[in-house]
Protein chains: 2
Amino acid sequence: METHLFGRLTKVEVARRRLLAAATPTRRVEEVPVEKAFGRVAAETVRAPRPVPSFARTTWDGYAVRSADTESASAHRPVELAVVGEVFAEQAYSGVLHRGEAVAIATGGAVPHGADAVVLFEEAERQADTVRVRKPVSPGDRISRPGHDFPRGSVLTRRGTELTATALGTIASCGVPKVRVYARPVVTILPNGNELLSPGMPPKPGMIYESNNATLAAVVEATGGIAQTVPPLPDDPARIEEGIRQALATSDVVLATGGSSVGERDYLPRILPKLGTLLFHGVAVRAGKPTLAARVGDRLVVGLPGHPTSCLGNMYWLVLPALRRIGRRPGPGWHEGWATLGSDAVAPSPGLSTIVPLRFERGRAYSTFRGSSIITSLAGATAFAMLPPGRRIVRAGQRIRVCLLDPPLGPGAAS
Amino acid sequence: METHLFGRLTKVEVARRRLLAAATPTRRVEEVPVEKAFGRVAAETVRAPRPVPSFARTTWDGYAVRSADTESASAHRPVELAVVGEVFAEQAYSGVLHRGEAVAIATGGAVPHGADAVVLFEEAERQADTVRVRKPVSPGDRISRPGHDFPRGSVLTRRGTELTATALGTIASCGVPKVRVYARPVVTILPNGNELLSPGMPPKPGMIYESNNATLAAVVEATGGIAQTVPPLPDDPARIEEGIRQALATSDVVLATGGSSVGERDYLPRILPKLGTLLFHGVAVRAGKPTLAARVGDRLVVGLPGHPTSCLGNMYWLVLPALRRIGRRPGPGWHEGWATLGSDAVAPSPGLSTIVPLRFERGRAYSTFRGSSIITSLAGATAFAMLPPGRRIVRAGQRIRVCLLDPPLGPGAAS
């Protein structure tokens, strides 16, 4: 056993930007029915192939009339019109409405040619084949003209935007049954370490249960990706390299956890340069210094620390923006804001940035950090702050810039 | 064709509460692997079957020592200890550490019996079989005691909470491979109306494309439910009733859209009382008055208006809280807050509440409502206000209570 030291550490912001720059937005596209496309990212700008409505529709139950016929109508001297037809919603009156005529029409029905207004049922008095109108109507009354909702050629959704309920509704409403969306990014999580047991296996002295599969898969799924998990590999460089190569064949991103530092058994720093271009090794951040990344063609391999808090913290800060870029989702995956610290936050080294997970209580932010190996360090955290190097203590009461996670690291933020 | 009038309208808040009270939280439970459980609702309170860590672990690379041996150590008079073994992470030192001994140990390794502190590699000087320590260490230094992360019996997640990345990580880290979660609620959407065409079919005069399948399915999926969609049924009471009965066999909720008013062809008000207990018919809200609901055993049937804006508005305000309750998700599906109106909002009738979809621009809220048949009424809306009856205009500059949707009705809220 021997220990090595990191060379020059890469500033956390530089590491984040390098990973982001190396992330290739996916070009894989799928076609999915509008009923199944919620939350997916549009791979095309959808324009309306026809106006909506595509014909003049009435917005109420009533009588389609020529408004000019009703000009003189009053309670004392009602106008009497001949009812020449009835139009249910799906029908169209085949003829043309002439002077002195009315057609009974249900909400949503096509307004007959010649008619230019609709008299409400409640404001008319039906008598066998005639109807009495006691109030004048104006041209366009209770009629939705073609294109009133949106004209032909309207942009219903733009390429690269997340599909919402309303966007999908507008697409369906002009008859488009499917929408082209970007494929979900596939992320394989590949833990390594002789000390790792898969959950469910019997406990063994000196061994611990692997938990990064669960936390990283959650972040991947929450980001619209597909997470593939692999049982932990032993500290065997050939098997780890083979595992990464296999994963690369089916993945946009491979997240190898553990073995990312500079110790004798940390094989990732030796494997990654063989596979592609090393982007960085060693990040000036606590927790999470032993992190490295490589670009392999249009794919990424990231080696994350095995400690659960370091692993998940760097997953959010470094990997999430890149993963969103691959999946064509806008933004880094958090909203920036300001918060007032409820208690002192300690930055342990003037040379390192510090990632501080935060929970909120009565409007103030409190650090939940208890140690990088302590997974409950993140329980209840819904945001984090990245404190810059060079300051050892940030005092309670100070305003700090925070990143509000979406989805949150811990419980308590949803609903 | 004849027109009927609604009887007494049910206040919107009363309708919402009745539907919520009639919603039966699901009792169906599934067991899913921790890597697949993100966002699901825990159907059990998970307690740690063992402490984490389950043995004393070192948190750094170094030498496990008896701290008492280092008491007198200084730069000038280092203490020399015999290195009697090496412990990689997954191993355990079989013997007991005696006075004057040290064991080289890697991060995460089990601290040998007898040792009570770890000296950092960097602060020790190895010489063949001995190591020189130049600084005293205190008991517990760089050791994570059993249960330091969390003790045996700790509550890792409570029944009824949404599973987050961290909760799943804690569950995995004490060896639990699966978690029992509530089944996703199944919602069948069943449009009816002779005028409705499925998207993708050729256009026909007088016919419109069905879009509520797309919008309602989006809300269901975003709420963690499973949406089943059915092509539009014609205005045939027997077929609609049969469709609802069939849907009820496989669904927690049936959302029938269209045919919910009081016209000749509005069959839902005649069908629903045959199936179960009518909860209300006619809601004092604009848009969305023609809405009704029935409880059928532990299931719900809701008849929503066919107009897309009325339909989606009532889906949010009336159905979403009930759907979340069935799926055991806390909260109504929105966050309440206050906003300042950017322009006047008009409440059309003193007897009706008004649901106003809102978009935000430079910190002010603007109504996006253009008419209940106009689906673009909701484009860009990320919140809504429910204005109480009895006030015709709410002026620009006024503060109003708003419901911020999660997920939003329209684009622009995410990231």
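**View 1. Chains A and B of this predicted model meet through the same surface, since 99% of the interface residues of chain B are also interface residues in chain A.** Count up the two sides and you get 85 residues from chain B and 87 residues from chain A in the contact. On the chain B side, several elements put in at least two residues each: helix H2 (165-173), helix H3 (212-222) and helix H6 (308-326), along with strand E15 (208-209) and strand E16 (226-229). As for chemistry, that side of chain B splits into 43 nonpolar, 30 polar and 12 charged residues.

**View 2. Here is chain B laid on chain A, with an RMSD of 0.1 Å.** Getting there takes a turn of 180° and a shift of 0.1 Å along the axis. The two copies are thus related as by a two-fold rotation axis.

**View 3. This one follows the domains of chain A, numbered 1 to 4 in the domain assignment.** Domain 1 comes in two pieces, 12-28 and 183-326, and domain 2 does too, as 30-52 and 148-182. Domain 3 covers 57-144, while domain 4 covers 334-405. If you pick out domain 2 and domain 4 of chain A, their C-alpha centres lie 40 Å apart.

**View 4. Now for an open sheet of 6 strands in chain B, with mixed pairing.** Read across the sheet and the strand order is E7-E4-E6-E5-E9-E8. At the edges stand strand E7 (117-120) and strand E8 (124-127) of chain B, each with a single partner strand, so one side of each has no neighbour in the sheet. On average, neighbouring strands in this sheet are turned by 40° against each other, direction ignored.

**View 5. Zooming in on that sheet, we look at strand E5 (residues 79-87) and strand E9 (residues 130-133) of chain B, which run antiparallel.** The two strands are joined by 4 bridges. For a residue to find by eye, try B:Ala82: its bridge partner in E9(B) is B:Thr130.

**View 6. Last up is confidence, starting with chain A and its mean pLDDT of 91.** In chain A, 96% of the residues reach a pLDDT of 70 or more. Residues 409-415 of chain A are another matter, with pLDDT below 50. Even so, this stretch has 28 contacts in the model beyond near neighbours in sequence. For the model as a whole, the scores are ipTM 0.91 and pTM 0.92.

Note on methods: Residues are numbered from 1 along each chain as its sequence is written. Chains are lettered from A and ligands numbered from 1 in the order in which they are written. This is a predicted model: local features need pLDDT of at least 70, side-chain atom pairs count only at pLDDT 80 or more; totals for chains, interfaces and linings use all residues. Two residues are in contact if their C-beta atoms, placed from the backbone, lie within 7 Å. Ala, Val, Leu, Ile, Met, Phe, Trp, Tyr, Cys and Pro count as nonpolar, Asp, Glu, Lys and Arg as charged, and the others, Gly among them, as polar. Domain bounds come from an automatic or database domain assignment. Copies are superposed by least squares on the C-alpha atoms of residues with pLDDT of at least 70 in both. Two strands pair if DSSP finds at least two bridges between them. Axes are lines fitted to C-alpha atoms, for helices over the stretch in contact, and angles run from 0 to 180 degrees between N-to-C directions. pLDDT is the predictor's confidence in each residue, from 0 to 100.
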